[in-house]
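I opened the notebook to record a few look-ups in one structure. The entries follow in the order I made them.

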Amino acid sequence: MADHAGENDSFVDSVMDKVNDKLHSHDSSSDSDDDKGKKSPVNAVKTKIYRLFGREKPVHKVLGGGKPADIFLWRDKKVTAGVLGFATVIWALFELLEYHLLTLVCHILIVAVAVLFLWSNASAFINTAPPQIPEVVLPKDIVLGVASALRIEINRALEILRDIASGKDLKKFLVVIVGLWVVSILGNIWNFLTLFYIVFVLLHTVPLLYEKYEDKVDAFAEKAEAEIKKHYAVFDANVLSKIPRGPLKGKKQ
């Protein structure tokens, strides 16, 4: 009987020990979860890194993703090299060889039409199949889509120019004036084709270099932005704040 009572006491003690262990483990896990919840905002602030122009997406996503971004970032080296090579040939024809666009188009059409005409007539004599000339038709949806997208961008540009000219944002006004002035200087140095070719080459080189050295570039850009804001604050306090904005209101009598 005594042995049976001792076994019951030991069983009750073991059950109580297990219950206490579970309670302690639950308390410790809840404390650790609370600590993690408290530390997560701090970690989020620490892990926040400055990126150029405040971007939050990778360079590939910023460029739109897909095939165009692959070309800009040299994901497919053969395609990118082919695009740059074609652009270089066009630039060399017009700029170095002083070829004219209308002349080039006419010569290409003359050669293409002459080759197809001779091939079609000679195929009957040499027992070969005539050339299969595809029927090229511009789809209506594509033309309307391009026209609609172009209309939206033009209206957006006109709206931005209207806001700038209305005198609402002096900082944006100065940026636009300086930008147009720089473009006018570049236009005097190079013609439109050369300037377009330089921009085209930069689009295929700068994103690649930035993606490769983005940490160093972002660190330098952060310091440069801080310096620019410092100098702009001084310029704003000494010059811009003293410029009257908008019509003067009449004094109340």
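Is Arg75 buried, partly exposed or exposed? I read a relative accessibility of 45% for Arg75, so the residue counts as partly exposed. I note at the start that the model is predicted.

**Entry: Arg75 and its partner**

I looked up the salt bridge of Arg75 and found Glu211 on the other side, with the closest N and O atoms 2.9 Å apart. This pair links distant parts of the chain: Arg75 sits in the loop between helix H3 (66–72) and H4, Glu211 in helix H9 (residues 206–212), and 136 residues separate them. Glu211 has 24% relative accessibility; the cut-off for buried is under 20%, so I logged Glu211 as partly exposed.

**Entry: other salt bridges**

I searched the whole structure and got six salt bridges. Side chains of opposite charge can pair when their charged atoms come close.

Asp76 is one of the residues I checked, and its salt bridge goes to Lys67, with 3.7 Å between the closest N and O atoms. For Asp76 I have a relative accessible area of 28%, which is partly exposed. Lys67 is partly exposed too, at 46%.

I then took Arg156 and Glu153, whose side chains meet in a salt bridge at 3.7 Å, N to O. How far apart are Arg156 and Glu153 in helix H6? They are three residues apart in that helix (residues 140–165), so about one helical turn separates them. I logged Arg156 as partly exposed at 47% relative accessibility and Glu153 as partly exposed at 45%.

**Entry: aromatic pairs**

I asked for ring pairs and the structure returned three. For Trp91 and Tyr197 the ring centres are 5.0 Å apart and the planes make an angle of 10°; the pair is therefore stacked. I placed Trp91 in helix H4 (residues 77–96) and Tyr197 in helix H8 (residues 192–203), so that the pair links distant parts of the chain, 106 residues apart. Tyr197 counts as buried because its relative accessibility is 17%.

Next I looked at Phe196 and Phe200, an aromatic pair with 6.5 Å centre to centre and 25° between the planes, listed as stacked. Both residues belong to helix H8 and are four residues apart, about one turn of the helix. I also noted a cluster in which ring pairs link Phe192, Phe196 and Phe200.

**Entry: Asp218**

Where is Asp218 placed? I found Asp218 in helix H10 (residues 214–238). Its relative accessible area is 2%, so I entered Asp218 as buried. The Asp218 side chain makes a polar contact of 2.7 Å with the side chain of Tyr210. Leaving out residues up to four places away in sequence, I listed the residues that Asp218 touches: Tyr50, Arg51, Leu52, Arg55 and Tyr210.

**Entry: record versus model**

I pulled the UniProt record, an unreviewed entry, which lists residues 79–94, 100–119 and 173–203 under "transmembrane region". I then checked two of these spans in the model. Residues 79–94 are 100% helix and 0% strand, and the end C-alpha atoms lie 23 Å apart. For residues 100–119 I got 95% helix and 0% strand, with 29 Å between the end C-alpha atoms.

Key. Residues are numbered from 1 along each chain as its sequence is written. This is a predicted model: local features need pLDDT of at least 70, side-chain atom pairs count only at pLDDT 80 or more; totals for chains, interfaces and linings use all residues. Side-chain values use heavy atoms; hydrogens and water are left out. Helices (H or I, at least four residues) and strands (E, at least two) are DSSP runs, numbered from the N terminus. Buried means under 20% relative accessible area, exposed over 50%, partly exposed in between (1.4 Å probe, protein chains only). A polar contact is a pair of N or O atoms within 3.5 Å; within protein, one must be able to donate a hydrogen and the other to accept it, and residues adjacent in sequence count only if both atoms are side-chain atoms. Contact means heavy atoms within 4.5 Å. Rings of Phe, Tyr and Trp (its six-membered ring) pair if their centres lie within 6.5 Å; planes under 30 degrees apart count as stacked, over 60 as edge-to-face and the rest as tilted. UniProt positions are given in the numbering used here, feature names are shortened, and annotations may be inferred rather than shown by experiment. A salt bridge is a side-chain nitrogen of Lys or Arg within 4 Å of a carboxyl oxygen of Asp or Glu.
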